[in-house]
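Colleague: Could you walk me through the helices and the cysteines of this one?
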Amino acid sequence: MNILEIRDLCKVYGEGETRVDALKDVSFDVEQGEFVAIVGPSGSGKSTLLHILGGVDVPTSGECRIAGTDIVKLDESKLAIFRRRNIGLIYQFYNLIPILNVEENMTLPILLDGKKPDRTLLNDLVEKLGLKDRLSHLPNQLSGGQQQRVSIGRALMNHPALLLADEPTGNLDSENSREIISLLRKFNKEDNQTVIIITHDEKIALTADRVITIEDGIIKRDSKTEGVMA
Ligand SMILES: Nc1ncnc2c1ncn2[C@@H]1O[C@H](COP(=O)(O)OP(=O)(O)OP(=O)(O)O)[C@@H](O)[C@H]1O
Ligand SMILES: [Mg+2]
C-alpha cells in the first residue's frame with residue numbers, strides 16, 4: 001500500500017529576480033513500511049520537500065496524498081489537525097519546549113489535540129528510547145542524544161502515518177548518530193513505521209531501503225538498496 005503519493009510537486013519562492021524554483025515537478029510514491037533516505041547538495045530542495053510532506057509548508061502546485069488524503073487541498077485548520085494526527089516531524093535541533101519536562105514534551109501534541117495520552121504507548125516509547133529515569137528532566141538537563149530521543153518519542157505518540165526527519169543526527173557525534181538511526185530503524189522494523197529521513201551522511205543513507213537523490217529541485221536518482229546494507 002502506498003502511504004505517500006506525490007504528483008508534479010512544484011515550489012516557487014519569491015518572484016522576478018529573486019525567484020527560486022525549489023522543487024520542479026517532483027513525483028514519487030512511498031510504500032507503507034519503507035525507510036527512505038533523501039540526499040542531495042545544499043539548497044537542492046530537500047527540506048522544502050520534507051516541509052511540504054509534513055504539512056508545515058504548502059506547494060505552489062501539485063498533489064501530496066498521505067494515507068489517501070491530498071493535504072494540498074486541506075484548508076489551514078484541517079491541515080493543522082491532519083498534521084497533528086498523521087505526521088511525526090523530527091528536526092536537527094530537537095525543537096523541544098524548554099519549560100516542559102520530558103513527559104510533558106512527549107504528550108503535548110496529544111493534549112493539544114484534546115485527547116488523553118495513551119499511557120501504554122508512552123511507557124513503551126520511554127522504555128525503548130531509554131528515557132525512563134529522565135521523565136521529569138527539562139530539555140536543558142539532557143544531552144543532545146537524549147533530547148533527540150525525546151523528539152522521536154514526541155513524534156511517535158500519535159502513531160504517525162509518516163515519520164519525517166530533517167538531518168536528525170546533524171547536531172550529534174558519531175556514536176549518538178548511530179544510536180538515533182538504529183532507533184529509527186527499530187521502530188521501522190518492529191512497527192512497520194514509514195520513515196523518510198534527510199541526511200548528508202552517506203553511511204546513514206546506505207542503511208536505508210531506498211535512496212532518493214535530489215539536485216536542483218529534481219529527482220536525479222531513486223534507487224532501492226533493500227536488504228543490501230540494512
Ligand atoms: N523561505 C524561503 N524563501 C526563499 N527561498 C527559499 C526559502 N526556503 C528555501 N529557499 C530556497 O529554496 C532552495 C531549496 O532550499 P532547501 O532548504 O529545501 O534546501 P536543502 O536541500 O534542504 O539544503 P540544505 O542541505 O542546505 O539544508 C534554496 O535555493 C533556498 O535558498
Ligand atoms: Mg535542509
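Colleague: How many residues of helix α1 are buried?
Modeller: In this predicted model, helix α1 (residues 46-53) is mostly covered, with six of its eight residues buried, where buried means under 20% relative accessible area with a 1.4 Å probe and protein chains only; helices are DSSP runs of H or I with at least four residues, strands are E runs of at least two, and both are numbered from the N terminus.
Colleague: Which ones are buried in α1?
Modeller: They are Lys46, Thr48, Leu49, Leu50, Ile52 and Leu53, and just after α1 Gly55 takes a positive phi of about 70 degrees.
Colleague: And which residues of α2 are buried?
Modeller: In helix α2 (residues 76-86) they are Leu79, Phe82 and Asn86. Seen down the axis of α2, these fall within an arc of 65 degrees, so they line one face of the helix; the arc is taken from the directions from the helix axis to the C-beta atoms.
Colleague: What do they pack against?
Modeller: The buried residues of α2 pack against β4 (61-66), β5 (69-70), β6 (87-90) and β7 (162-166), with contact meaning heavy atoms within 4.5 Å.
Colleague: Changing topic, how many disulfides are there?
Modeller: Zero, taking a disulfide as a pair of cysteine sulfur atoms within 2.5 Å. For Cys10, the nearest cysteine sulfur is that of Cys64, 13 Å away.
Colleague: Are those two buried or exposed?
Modeller: Cys10 counts as buried because its relative accessibility is 16%, and Cys64 counts as buried at 0%.
Colleague: Any conventions to note?
Modeller: Residues are numbered from 1 along each chain as its sequence is written, and chains are lettered from A and ligands numbered from 1 in the order in which they are written. Local features need pLDDT of at least 70, side-chain atom pairs count only at pLDDT 80 or more, totals for chains, interfaces and linings use all residues, and side-chain values use heavy atoms, leaving out hydrogens and water.

Notes:
Buried means under 20% relative accessible area, exposed over 50%, partly exposed in between (1.4 Å probe, protein chains only).
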